Amino acid sequence: MEDNTTAKVVTRFAPSPTGFIHVGNVRTALYAWLWARKNGGKFILRIEDTDKKREVEGSIQHIMDSLKWVHLDWDEGPDIGGENPPYLQSERLETYKKYAHMLIEKGYAYADPYSAEEIDMFRKKAEIEKKPFLYRNHRPENPPVWDGTRPLRLKANVKKYEWHDVVRGELQAGIEAVDDFILMKSDGYPTYNFAHIIDDLLMGVTHVLRGEEFISSTPNYLALYEALGIKRPELVTMPSILGAAGTKKMGKRDGAKDILDYQKEGYLPEAMLNYLDFLGFNPGGEQEIFTAEELIQVFDLAKIQRSGAKWSEEKLNWFNKEHMKLLPKEEIVKNILEWIPKELQNKDNLKLVPLFLERISKWSDVPALIAAGEMDFFYKPPRINKEKLGYKDASPEKIANNLSLAIKAIEEITDENFTAENIKNNLMLIADNLESRGELLHPVRFALSGMDKSPDPFLIASILGKPETISRLNTAHNAQKAQNV
RNA sequence: GGCCCCAUCGUCUAACGGUUAGGACAUCGCCUUUUCAAGGCGGUAAUCAGAGUUCGAUUCUCUGUGGGGUCACCA
């Protein structure tokens with residue numbers, strides 16, 4: 001089935017260094033990475049820094065850190081080099097210039113003689129006439145020689161373009177979509193529209209994956225491929241990720257988060273990858289939880305979704321919880337302990353681990369639960385509200401009596417046998433003989449926790465240890481007796 | 001507005017033209033339980049509308065409607 005003329009699969013992720021990358025960017029990178037890995041191909045990281053005004057210091061490192069967090073490794077990139085360096089577009093200016101001159105010589109590009117004001121006038125005129133503004137309607141008859149200080153434009157072959165997209169199938173656009181777009185800016189840098197095509201060509205990129213916002217500029221790219229006389233790569237259009245709030249494409253302006261914020265919140269990178277993969281892709285079966293290795297196996301460009309998908313942190317939380325369950329025990333324990341606030345690190349927190357585990361879906365839930373007071377019974381002695389000690393309409397005498405029975409039952413258990421299971425067995429022996437188990441269990445639970453809602457009394461007792469358990473029960477018992485007098 | 005894309009439960013999605021339209025998240029109920037959480041079991045819930053093709057349409061075609069994208073010396 002392997003055909004010698006079939007080139008090795010090469011994909012790339014090409015962000016611009018304008019700050020952080022969000023989940024949408026990461027999903028694009030993920031799909032490109034999955035396709036390369038599935039086919040034994042190459043995944044390239046290229047930085048599109050052709051707009052110096054928008055560049056943000058430190059972005060490149062931040063982007064690389066982001067990809068590393070989710071275990072997306074690249075085979076060629078600015079940090080490690082590769083077959084077609086450099087991987088920063090700002091360092092490839094001579095290359096773009098070379099191709100620019102080539103296009104001029106072939107008559108496919110010309111210098112833009114107009115001032116910004118003049119173009120603005122053209123635009124306004126078109127607007128008044130309710131016609132789409134097209135630069136190509138103003139093509140100069142005798143353009144000046146391009147000296148690099150004016151924009152260079154493509155002399156586009158204006159026609160109706162039709163093309164094949166791997167996920168969308170046959171696409172087309174009217175001739176209004178084709179215009180003489182700028183290849184080289186007056187500052188000497190190429191536009192994205194020009195640079196990415198040259199780089200994809202030179203780097204041997206076989207599959208270009210990008211969002212659907214690029215469909216409308218594809219005719220322009222096709223015009224450029226034609227002018228260049230090159231074969232285009234496969235075009236793979238991905239659906240948008242919509243912000244959770246509305247129905248709009250997720251973007252930085254409406255609060256898309258830095259992917260590394262999810263790391264800070266204690267999400268598992270494998271869960272992030274799994275969820276991101278399934279937002280716009282589905283392998284068809286009913287399995288939901290996949291390891292990175294499995295994601296590679298089942299990935300298929302043809303199964304990428306066509307319509308946009310809404311981002312849901314709720315579902316991400318579920319994926320994260322499921323992936324947490326797959327972690328080795330030691331790993332879980334280590335993380336929970338590390339996420340406990342510093343001031344509580346001196347406590348014997350190990351006992352709380354099982355309790356945390358069933359209540360968290362991400363690591364940052366650990367400090368959140370503590371802040372919410374859910375673990376107060378462990379960190380500080382309870383304040384006993386006598387009103388709440390009683391169970392339904394049980395009499396105070398009965399409660400005091402039941403508490404003393406509980407104390408006795410617990411005292412019978414030796415220190416080394418002081419487990420939740422044994423405590424439960426002993427207490428249930430008594431509770432089952434009462435009218436209602438609650439008559440015993442509620443006062444005990446409340447005496448130990450001081451909380452309306454808490455884990456069960458057996459678990460709490462086992463966590464507190466025998467001396468502390470008895471001490472708290474005595475406190476409550478005494479308080480109850482005092483009240484009865 | 002021009003051009004283009006998209007359309008299955010609230011959400012993410014599955015279904016060679018033939019299924020009681022499946023799963024997951026969320027939600028609701030039950031079980032377990034003194035309460036909470038977790039867990040187990042179960043329920044509610046969808047093919048945008050209208051034509052056409054066909055013995056048969058979620059699936060193919062057209063129109064409409066709705067939503068989205070794009071029209072920069074940004075990427």
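**Note on the predicted model: strands, helices and the RNA surface**

1. Strand 4 (residues 152-154) and strand 7 pair in the antiparallel sense over two bridges. Strands are DSSP runs (E, at least two residues) and helices likewise (H or I, at least four), numbered from the N terminus. Two strands count as paired if DSSP finds at least two bridges between them. Across this pairing, Arg153 stands opposite Ile182 in strand 7.

2. A word on the basis. This is a predicted model, in which local features need pLDDT of at least 70, side-chain atom pairs count only at pLDDT 80 or more, and totals for chains, interfaces and linings use all residues. Residues are numbered from 1 along each chain as its sequence is written, while chains are lettered from A and ligands numbered from 1 in the order in which they are written.

3. Strand 4 and strand 7 belong to an open sheet of three strands, with the order 3-4-7 and antiparallel pairing. Strand 3 (109-111) and strand 7 (182-184) stand at the edges with a single partner strand each, so one side of each has no neighbour in the sheet. Neighbouring strands here are turned by 40 degrees against each other on average, direction ignored.

4. Strand 8 (residues 207-211) and strand 9 (residues 234-238) run parallel, joined by five bridges. Gly211 stands opposite Met238 in strand 9. The chain passes from strand 8 through helix 6 (residues 218-228) to strand 9 in a right-handed β-α-β crossover. Right-handed means that, with the strands pointing away from the viewer, the path from the first strand over the helix to the second runs clockwise.

5. Helix 17 (residues 420-431) packs with helix 18 at about 135 degrees, their axes 8 Å apart. Axes are lines fitted to C-alpha atoms over the stretch in contact, and angles run from 0 to 180 degrees between N-to-C directions. The two helices are therefore oblique to each other; the term covers angles that are not under 35, over 145 or 65 to 115 degrees. Leu427, Ile430 and Ala431 of helix 17 meet Leu440, Leu441 and Val444 of helix 18. Contact means C-beta atoms, placed from the backbone, within 7 Å. By class, the contact has six nonpolar, no polar and no charged residues.

6. Helix 18 (438-449) also supplies residues to the surface near RNA strand B. Its share, four residues, is the largest. Near means a C-beta atom, placed from the backbone, within 6 Å. Of the 62 residues around RNA strand B, Glu48, Gly174, Ser307, Ala309 and Asp456 come nearest.

Key: Contact = placed C-beta atoms within 7 Å. Nonpolar A, V, L, I, M, F, W, Y, C, P; charged D, E, K, R; others polar.
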